[in-house]
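Please find below my comments on this model, set out as numbered points for checking against the coordinates.

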Amino acid sequence: GCWGARALLVHQGWVDGFTEADYAIAVVGPGGKSGTQLDALGSYPLRIGGVDVGDRVHAFGYPANPPYSGLDLTYCVGSAETNVYGDWGLLCDMKGGSSGGPWLWGAGDTKDGCGEVFAVTSYGFASDPTRLFAPQLDAHMQAVYNAALEQTPSAGDQDGIVAVGTDTPPTPSDPASPFTDICNSSFISDI
């Protein structure tokens, strides 16, 4: 199915270039063959506030750098750690293409669909290709999530791209940037 984004929300910190705010939410409208994306695919709950260092976690992505092709869902499992910046770290060799992939806590078996998203892959270091890093999902992410709840998930309306301030959701007077609706793409049959 195809579910077009009706609103894309980011934290203002990401707009200003801070990796600590490298996360976003897409609000999708109806589409596909079975109604909403949530009805067809389900979802994982967000875990704001993180996990304990040492907890067993899974990170998922579509890494494209060799030995990966970018076509297969790949995951790493290991112990959560933090780096000097306060971001989450995980021993994992996934690279380019894995950005934005969820980090799940409480996923005992990758096939059971359980767990909570507590982070999303953001970056790695060339000096340490064995680790991935992800920002903490904190009160700033909670503000982005709350703003997403206020957006329009209808098929006809588009709210655009919204940057959320540090602690308050945007007001209707905040400017929004338009974006391309992938459901009108010439590649729709490939999705």
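1. Strands here are DSSP runs of E of at least two residues, numbered from the N terminus. In this predicted model, T74 lies in strand 4, which spans residues 74-79.

2. Is T74 buried or exposed? Its relative accessibility is 14%, and because buried means under 20% relative accessible area, T74 counts as buried. Once neighbours within four places in sequence are left aside, T74 is in contact with A59, F60, G61, P63, Y68 and M94, while a polar atom of the T74 side chain lies 3.2 Å from the backbone oxygen of D72.

3. Turning to the strand pairing, strand 7 (residues 102-105) and strand 8 run antiparallel and are joined by 4 bridges, with V120 in strand 8 as the bridge partner of P102. Strand 8 covers residues 116-120 and is mostly covered, since 4 of its 5 residues are buried.

4. As to the surface, L46, I48, Y145 and L149 make a nonpolar patch of about 320 Å². Of these residues, Y145 has its place in helix 3, which runs over residues 139-149. The relative accessible area of Y145 is 33%, and this residue is therefore described as partly exposed, that is, between the limits of 20% for buried and 50% for exposed.

5. A reader comparing T74 with Y145 may wish to keep both assignments in view: T74, in strand 4, is buried, whereas Y145, in helix 3, is partly exposed and contributes to the nonpolar surface patch.

How values were computed
Residues numbered from 1 in each chain as written. Predicted model: local features only at pLDDT ≥ 70, side-chain atom pairs only at ≥ 80, totals over all residues. Heavy atoms only, no water. Buried < 20%, exposed > 50% of the residue type's maximum accessible area, 1.4 Å probe, protein only. Polar contact = N/O pair within 3.5 Å; in protein donor to acceptor, adjacent residues only side chain to side chain. Contact = heavy atoms within 4.5 Å. Patch = residues over 30% accessible without salt bridge, like charges linked within 9 Å, V, L, I, M, F, W, Y side chains within 5 Å. Areas by Shrake-Rupley, 256 points an atom, 1.4 Å probe, with all protein chains shown as cover. Salt bridge = Lys/Arg side-chain N within 4 Å of Asp/Glu carboxyl O. Pairing = 2+ DSSP bridges.
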